[in-house]
Amino acid sequence: MLSMVARADGQNGRPERVGRAGWRQLGQLPDKGGWFIALRRMNLGTTPVARTALLEFEADMTTAGRHRLAMADVGGGLKLWRLALSLGWLDTRLRYRGSMLGPLWLTISTGVMVGALGVLYSALFGMDIRDYLPFLSLSLVLWAFLSSLVSEACTTFTESEAIIRSVRMPFFVFSIRTLVRNIIVLAHNVIVILIVFGIFAVWPNWNWLLIVPGLALWVADGLALTLLLGAFCARFRDIQPIVNSIMQIAFFLTPVIWKPEQLGTGAAKLPLNPFFDLMEIVRAPLLGHTPGVLVWIGAILFSLALWAVSWSLFIRARGRVAFWI
Amino acid sequence: MTSEASIDVEGISVFFPLYHGSSRSLKKMVVAAAAGRLAKDQQQRIVVQALRDIHLKLRSGDRLGLVGSNGAGKTTLLRVLAGIYEPVTGRMRVQGSLNALLDPSLGMNVELTGRENIRLRGLYNGLPSGLLSQLEDDVAEFAELGDFLDLPVRIYSAGMVVRLGFALATAIKPQILLMDEWFLAGDAAFLEKARHRLEAMVKGADILVLSSHQDEIVRHWCSRVLWLDQGEVRADGPAGEVLDAYLGREPASAAVE
């Protein structure tokens, strides 16, 4: 497979373009008669001038060439952060348009789930609810973010088919969009954690600062996942159900509703589970512990592996995604 | 806007993989590989060569028309020039701001309000926030939607959707204008104001690439015509000559400017 070299000049990353998001929903477009009537009421306006841009391609089958193109894509996507944020925000608003509480429905459903599971499992496990509920609220909210991000990563490119096929747009924009959308949902669910922590008097401490590097790693991994699964799912349409099944299994194998200590001696092997490492680097500091060195090593190694796999797939797939979707 | 617009295309080819049925399924591919049938499966993959070895050089002032039957590669070539499809061979260089009018619905999301659609379009085009409000004013004024601008496009009448779509599409002035035939469909029905606006954009553009089935439109707008046939250039030259050959007529001496 060949690929190309694209170069964009400094301030003007892309040529002007016209998108067509949502055209499927548009339904019947008026025929020529409709045009006639529709345009009767128009008047002339002034037009803003489009930015200049330069687009250069050269067939290049080398890994270095592909790498350069993919880097340009990521750079272009970062430059369009305003667009990516707007898309993510609009996605969230559209999902809840017409509902009175909007995304707060998420908060309520998460709250109910945490309350119900908390009472049930603290009894099942014979644990003190004052200790268990803060743990569970944190775990469930973080896991909900993780699993919905993985699931939605699969549709990163396919859901934007209309835009990709009508305008030149860095694919990284859609990665950021998927991530932003999930962060907005997470932000709403954080309210549940705050309420539970408030009820059980869990107060902030200096350990909380340790979540900053943890969350940074989450963002990096989230973007890698959207590139990997987005491209893979554009090519193979049966990946998403497979991914969802894997996440279901992972949910039970990872200490989300059960505590690592309950595993006894087996807990030493938990760092081999990438989901555990990633959960722990954010969860442990918030619960007042310091994540173990092994956990951090595991989290970093798994993240590096994820990025390596994602990047090697993305640089090959990037030029073909427009044909796949 | 100081730099001259130009398009240089050298030996570009585009292949379309046609995926159907089992080639879209990872499970079936894995099963096939396990059964030793993968090699055969890959050979069975149908690849359509949408464009073959296209060479094209356009400079400021050029007005190129693309003609050819359905599936000749006209829209694919427009998409390549717009940077959407990446060719597998050759090289290209497109200099200048570009606007591609390829699809009737023009990036509108019917769930969003008219105003949100306008801002989103501005963002797609990377306009700075100062220009966003200018774009909003311009489109709002042209489309004459009034208070409907803050309601979802879904509830607009068909006429309002067309007005908004047209106003959006013609709001940003490019150096290079790529236009699919759809946009000129019903050209005769265009009312003066709308046609003026479109003509102003076409005339303001340094380079026009227009794909159309209607030879009168190509004759009217274009000075040069590229005749595509099954992804290959069949003829390239002055509009009148190529069009006459395309339509199977006697070569006429009067080429329309």
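**Group meeting: chains A and B**

Chain A has 13 helices and one strand. Keep in mind that this is a predicted model.

Let me take chain A in order. Along the sequence, the pattern reads α-α-β-α-α-α-α-α-α-α-α-α-α-α. So where does the strand fall? Two helices come before the strand, and the rest follow.

Next, packing. Chain A runs to 325 residues, and 44% of them are buried. Now the contacts with a separation of 6 or more. In chain A, 82% of those link residues 24 or more positions apart.

How far does the confidence go? The mean pLDDT of chain A is 82. Of its residues, 84% reach 70 or more. The weak stretch is residues 1-47 of chain A, where pLDDT stays under 50. The model still has 160 contacts beyond four places in sequence for that stretch. Where pLDDT is low, predicted coordinates should not be read in detail. Please handle residues 1-47 of chain A, with pLDDT under 50, in that light.

On to chain B. Start with strand β1, residues 6-18. What does β1(B) pair with? One partner is β2(B), residues 46-59. That pairing is antiparallel, over 10 bridges. For a landmark, find Ser6(B): Arg59(B) in β2(B) stands opposite.

Another partner of β1(B) is β4(B), residues 89-95. Again the strands run antiparallel, this time with six bridges. Here the landmark is Val9(B), with Met92(B) of β4(B) opposite.

One reminder while you look at the strands. In a regular strand, side chains alternate between the two faces of the sheet.

Key: Residues are numbered from 1 along each chain as its sequence is written. Chains are lettered from A and ligands numbered from 1 in the order in which they are written. This is a predicted model: local features need pLDDT of at least 70, side-chain atom pairs count only at pLDDT 80 or more; totals for chains, interfaces and linings use all residues. Helices (H or I, at least four residues) and strands (E, at least two) are DSSP runs, numbered from the N terminus. A residue is buried if 20 or more other C-beta atoms lie within 10 Å of its own, exposed if 12 or fewer, and partly exposed in between; C-beta atoms are placed from the backbone. Two residues are in contact if their C-beta atoms, placed from the backbone, lie within 7 Å. Two strands pair if DSSP finds at least two bridges between them. pLDDT is the predictor's confidence in each residue, from 0 to 100.
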